[in-house]
Every structure is written in structure tokens, then in C-alpha cells.
Amino acid sequence: MERRGGRKGSGSGMKKKGGKKGTSGAGQSSAGSSNKGTKRKFPTLAGMSFAPLQQSTSSNVKKNNKSNKKQKRNNNNNNNKQQPKGKANKKDSKPPPAQASSASGSGYAGWVPPQRRGGQVAVEELAGVGPAEAPQRVWERYVATRRPVVLRAGHHLLGPEWRASTEWASLERLRERAGSAAVKVERRDSSRGRFGEGREVRTTFGTFLDGLAAGDDLHYMTTQDITRDPDGRPEIIAPPLTLLADDFPLRPALMGHLVPASLNLWMGNSREGSMSGLHHDYHDNLYVLLKGRKRFQLFPPSDAARMYTQGRIVRVHPNGLISYQRGVRSDGADAGVEAAVAAEEAHARAEEELAAAEAAAERGEPGADERLRAAEAALESALDDVLAAQMDGDDEGEGDGDDGDDDVFAGKDDFDDFDDDDDDEAATTKKQKKNKKEKNKNKSEDEEETEMVRIKDADGSGPALPQNFSKVDMTLPADEREARWPLLREASMIECEVRAGDMLFLPAGWFHNVTSFSDNDAGLHMAFNYWFHPPDASTYAQPYHSNFWQHDWEARTPQP
């Protein structure tokens with residue numbers, strides 16, 4: 001939650017459902033060998049809205065059928081055929097306009113702090129609450145109302161599989177079990193610097209742990225690069241968690257029926273306090289603190305237009321989800337995803353039937369010719385539906401923030417007036433890339449496995465900060481911040497301190513700046529978090545209007 005933009009979303013690369021089907025193999029869940037079972041296959045377009053959330057899901061169908069689409073268009077032109085089904089109703093498929101008010105620029109309908117400053121995050125004691133009661137209580141009081149809360153003494157409510165609190169107490173134990181894992185860590189130049197600025201290095205988990213044990217406070221482990229299964233869905237966890245998967249449940253009991261998107265481990269060392277930078281996430285977050293303490297400064301999604309984000313916000317959904325492109329549902333999926341999924345399923349079935357009909361015709365079976373004609377017509381119709389889904393996805397496209405009510409920043413020139421010159425980072429030059437390549441080429445294999453290798457140059461050159469990060473410098477005193485970014489004066493901020501043993505529930509879209517402090521004894525801070533797809537329905541038993549994410553979960557994880 002302290003660094004959300006590091007993994008750029010890309011098309012899920014979903015396999016075409018025809019001919020040979022993808023096998024699990026390397027695409028098995030990364031949850032570890034203890035999680036037995038067989039994956040259920042759902043030909044969905046899952047994962048396309050994953051980190052950052054704003055990746056168009058329709059691009060996956062488009063990639064898999066690009067050549068078919070081109071050929072189909074040529075056939076349509078040559079034969080003067082009408083447009084594929086669904087094209088004429090293109091406008092009807094677009095999402096409704098954002099319900100943005102001129103005062104707040106937000107369609108957010110959840111809880112907001114009652115005062116502008118001085119408020120504290122709610123605290124819920126769970127020590128005496130049973131596992132049957134706790135999930136619904138957390139849902140009704142906080143998840144459904146979109147209110148942050150510090151949950152105390154509740155690790156036992158995550159599930160019987162939870163052992164991380166004890167198993168990860170020793171760095172030596174972590175090194176023995178997962179030291180060989182390749183990881184990516186953020187880097188800062190000094191103990192007073194801040195993380196979240198795009199400076200990253202690659203190393204092994206063991207080398208990183210050795211540095212922490214020696215007092216290294218210049219490196220911080222956050223979210224990791226993920227792999228995808230044969231259908232293009234992102235895995236739930238990445239190393240080093242893949243080697244520690246016996247110590248936590250993939251789906252914590254405390255959060256009821258919410259569907260996880262990913263799980264992450266956060267580790268660093270900072271006695272003076274290191275800041276994450278102000279930003280928001282695209283998922284609901286359950287942040288489990290294992291060591292150290294964290295200070296959170298929070299702003300509600302209703303203040304999104306006052307947060308000076310790197311990207312231009314198109315919509316703030318009622319549940320707080322913030323979108324930077326059109327066509328994203330409030331649960332984070334693409335607006336046309338289910339139609340696209342249905343079209344892909346029908347296309348797969350039609351291809352299988354055509355193959356069977358052709359085989360029947362070759363064997364000379366009675367009625368085979370009629371069956372073959374019907375199968376060809378069904379495949380043609382299914383392809384029309386796939387193309388219609390593609391075209392709807394193309395039409396939705398990326399929001400540029402320039403048309404009417406869909407843009408919550410329309411007419412707000414403050415962002416141009418108060419832009420920071422320091423926010424424009426220079427791209428890495430060809431000469432720098434060549435020098436880095438030559439330097440790495442001369443390293444021995446042992447050196448590559450043990451030392452830290454920079455991903456970006458020390459001066460931070462490389463991609464700009466993700467669009468969900470704010471331009472506001474939270475290291476400045478409040479009066480100086482508000483003078484430089486005056487819209488902050490109207491924003492409401494609440495604060496909390498989370499200590500080892502606590503958990504913080506933070507709904508999607510809440511802006512937060514996190515300051516991390518090391519444990520006095522262990523000399524480090526460590527947290528584990530669950531990101532969940534944001535709920536868009538109002539009942540505990542059915543937190544989503546659609547079953548899409550539940551089906552996606554069943555496809556991504558082993559099932560009994």
C-alpha cells in the first residue's frame with residue numbers, strides 16, 4: 001500500500017480458447033506446494049485491471065484475435081456485410097457519467113471525516129470477538145461504509161493457517177526458507193530521503209535481509225513483479241512469499257466474501273522514519289503489521305480533486321475507487337468484461353463444435369453436412385460477438401480528461417498553476433543504458449546473485465511517478481504544504497499509528513502517506529498486506545454485483 005504503481009498493468013495475454021487448451025504447469029498458483037487441488041478453468045479476461053487497475057480488459061481479446069479481426073473487417077468490406085452485432089449500440093455500452101459535484105469533484109458516497117483536521121482513525125478491539133462474529137462486524141461497520149479502521153488483537157481471526165506472526169519473527173529463519181528468492185527493492189540516497197520515487201535495485205531476499213541485520217536503512221522491499229498463468233491471469237503472490245506460503249491463508253476469514261487481488265510483504269529499516277509519499281491504491285487493503293510501527297495520514301476519496309495527482313482523474317466511484325480512464329466499473333473490472341468473457345466462451349465452444357463437425361463429415365456420418373453448416377454459422381456469429389466486444393473496448397479507450405462531467409478536474413486550473421518542476425524526471429539516456437549493460441556483462445554469476453543491481457540510475461532517472469501518486473511533498477510543514485498546494489486547505493485529514501500486532505483496513509481510493517519506524521529491538525519494520533477487489537454491492541454475503549471476481553479467483557487458485 002505504500003507503493004502502488006511499480007507494476008505496470010499489461011494485457012493479460014489470455015489464451016485463445018480453441019485447439020489445444022492451456023495446461024496448469026508453470027501457471028499453477030504460486031501459493032506453494034501445500035495448496036493442493038486442481039484449477040478450475042474459466043475463460044475470463046481476469047487480471048487486466050491489476051496494478052495499476054486502469055488497464056483495459058478488452059485489450060486481451062483484441063490481442064488474441066488481432067489477425068482474425070483484420071481478416072473479418074476485410075471480409076465485411078468485400079461482401080458488404082453489416083457491422084458485427086453490438087456495434088450499433090456502442091453508446092449504450094458506455095458507463096454512466098461520473099456523478100461529480102462542483103464542490104468536491106467526486107461521486108464518492110462513503111464515510112468522510114467530520115472535521116478538517118485533528119481527527120483520528122477508528123479503533124476496533126477484536127480480542128474478545130469470535131471468528132463467527134468478526135467478519136460481519138468488520139463488514140457492516142467499516143467495509144460497507146468505506147471507513148478506515150485500526151483492528152487490534154485480531155491476527156487469530158485471519159484463519160488457522162496464519163503463522164507469520166511467529167514464523168517470521170527471526171530474520172535467520174526467513175533467510176533459511178526464502179533467502180534464495182530474487183526480489184526487487186526500492187532505494188533512497190540517505191536516511192532522511194524518502195521512498196516511492198522509482199529508484200529500484202534487484203538482489204536476493206537473503207542479501208536484503210543481511211543488509212537489514214547490519215542496519216541498512218537505504219533499501220525497502222515493497223510489491224514484487226508477478227508472473228502470469230497460461231490464461232494471462234496474474235498470480236496471487238510473488239517471491240519471496242511463494243516460499244513462505246505455508247504461513248498465511250490466501251483468503252483471510254476476517255474479510256468475509258471479499259476477493260483478494262494480491263498479497264505482499266513490506267520490509268525496511270528506519271529509526272528516524274521513512275515516508276512513502278502521498279498516494280491512493282486501487283484495491284481495499286488489509287495491512288497486517290508484524291514489526292515496528294507506522295504513522296498514517298489519510299484523506300478521503302471525496303478530496304481526490306484536491307490531491308494534485310500525477311494523473312488526471314476521470315471518475316471517483318461511489319465506493320471510492322479512482323479511475324484514470326473511462327470504462328472501469330466500480331469493482332475495478334472493465335465495463336465490458338462480462339460480455340467479452342461470454343463472447344470468448346461462445347467462440348471456444350463454436351470452434352470445438354466445428355472441429356467435431358468436420359471430423360463427422362470426414363467419417364461420412366448421416367447429417368454431417370447439415371451439422372457442419374450449422375457449426376460454421378455458429379462460429380461466424382461467435383466471431384461477430386468477439387469483434388463487437390473488441391470494438392466496444394476500443395471505443396471506451398483511455399480517458400483524456402477533456403469531456404464534460406466524466407472529468408472531475410474539468411475547469412480546475414489549479415493543477416497547472418502549482419505544478420512542480422521537480423516532478424518531470426529525465427529519461428535514461430542511451431549512453432547510460434549502454435554503460436550499465438557493459439558493467440553488468442562483466443559480472444560473474446556469483447556477483448549477480450548476491451549484490452544489489454540497480455534497475456534505475458541513482459539520480460532517479462527513468463519513468464515518472466505513477467498517476468495515483470500526489471505531487472504534494474508531505475515532508476514539508478503543513479502551512480508550507482498548503483501555501484504551495486492551496487487546495488489542501490479544503491481537504492480533510494485523519495491520522496493513526498499502527499503498531500505491531502495491529503491491522504489497518506483502508507478502503508480503495510483513500511489517499512495515504514505512510515511513515516515507517518523500526519522496532520527498537522529487531523531494528524526493522526515488517527508488514528504483510530492483502531489487496532481486495534473493491535466491493536460495489538451492499539450485502540455481506542454478496543459484496544459484488546457481479547460474480548466475475550469470484551469466478552476469476554476460482555480460476556487463479558487451486559480448488560478442492
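**Close-up views of a predicted model**

**View 1. Confidence across the predicted model.** Of the protein's elements, β16 has the highest mean pLDDT, 98, and helix α9 (residues 414–417) the lowest, 31. In this predicted model, residues 1–105 have pLDDT below 50, and the stretch makes 277 contacts beyond near neighbours in sequence. Residues 439–462 likewise stay under 50 in pLDDT, and the model gives them 50 contacts beyond four places in sequence. For the protein, the mean pLDDT is 74, with 66% of residues at 70 or more.

**View 2. Helix α3 and its surroundings.** Helix α3 spans residues 134–143 and is largely enclosed by the rest of the structure, because seven of its 10 residues are buried. Ala134, Pro135, Arg137 and Val138 are among the buried residues of α3, as are Trp139, Tyr142 and Val143. Against these buried residues pack β3 (122–125), β4 (149–152), β10 (284–291) and β16 (503–506).

**View 3. The five-stranded open sheet.** The sheet is built from five strands in the order β2-β15-β11-β17-β9, with mixed pairing. Its edges are β2 (119–120) and β9 (274–275), each of which pairs on one side only. Strands of a sheet pair through backbone hydrogen bonds, either parallel or antiparallel.

**View 4. The junction of β9 and β17.** Strand β17 covers residues 511–517 and runs antiparallel to β9, to which two bridges join it. Across this pair, methionine 275 lies opposite threonine 515 of β17. On its other side β9 has no partner, being an edge strand that pairs on one side only.

Notes:
Residues numbered from 1 in each chain as written. Predicted model: local features only at pLDDT ≥ 70, side-chain atom pairs only at ≥ 80, totals over all residues. Heavy atoms only, no water. Buried < 20%, exposed > 50% of the residue type's maximum accessible area, 1.4 Å probe, protein only. Helix = DSSP H or I, 4+ residues; strand = E, 2+ residues; numbered from the N terminus. Contact = heavy atoms within 4.5 Å. Pairing = 2+ DSSP bridges. pLDDT = per-residue confidence, 0-100.
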